Amino acid sequence: MGNDNHILNESPIPLYYQIYVDLKNKLLVNKLVDENGKLPAEKDLAEAYKVSRVTMRQAIAELEKDGLIVRFRGRGSFFKISAQSNPS
């Protein structure tokens, strides 16, 4: 993750949406998940993006709504492997 988060506080685009797009791009090139497909903890992502957990939850909810991730209470969020995301 590091300092390569492409978020502009001055932008008219809501922060959660900017984060959603950035996370989606990172997911699609496997830059975000560990070897088990698990995303970093919501708290860690919020700290990395310097936003509240509420904002991060909104971004993660969008990823889930798109079917890119699945969330399990107490276990975390995982990249949902699909035929679309697997290179052939």
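On the surface of this predicted model, Ile-13, Tyr-17 and Val-21 come together as a nonpolar patch. Taken together, these three residues offer about 240 Å² of accessible area. Val-21 has its place in helix H1, which covers residues 15-28. With a relative accessibility of 31%, Val-21 counts as partly exposed, because that label covers anything between the 20% limit for buried and the 50% limit for exposed. Tyr-17, another member of the patch, is also partly exposed, at 39% relative accessibility.

Tyr-17 turns up again among the aromatic contacts. The structure holds 3 aromatic pairs. In one of them, the ring centres of Tyr-17 and Tyr-20 are 5.3 Å apart and the ring planes meet at 50°, so this pair is tilted. A 50° angle falls between the 30 degrees below which planes count as stacked and the 60 degrees above which they count as edge-to-face. Both residues belong to helix H1, where they are 3 residues apart, or about one turn of the helix.

As for cover, Tyr-17 is partly exposed at 39%, whereas Tyr-20 is buried, with a relative accessible area of just 7%. The cut-off for buried is under 20%, so Tyr-20 gets that label. Tyr-16 joins in as well: Tyr-16, Tyr-17 and Tyr-20 make up one aromatic cluster.

Another ring to look at is that of Phe-72. Here the partner is a charge: the charged end of Arg-75 sits over the Phe-72 ring, 4.5 Å from the ring's centre.

Key. Residues numbered from 1 in each chain as written. Predicted model: local features only at pLDDT ≥ 70, side-chain atom pairs only at ≥ 80, totals over all residues. Heavy atoms only, no water. Patch = residues over 30% accessible without salt bridge, like charges linked within 9 Å, V, L, I, M, F, W, Y side chains within 5 Å. Areas by Shrake-Rupley, 256 points an atom, 1.4 Å probe, with all protein chains shown as cover. Salt bridge = Lys/Arg side-chain N within 4 Å of Asp/Glu carboxyl O. Helix = DSSP H or I, 4+ residues; strand = E, 2+ residues; numbered from the N terminus. Buried < 20%, exposed > 50% of the residue type's maximum accessible area, 1.4 Å probe, protein only. Phe/Tyr/Trp six-rings, centres within 6.5 Å; stacked < 30°, edge-to-face > 60°. Lys NZ or Arg CZ within 6 Å of the ring centre and 35° of its normal.
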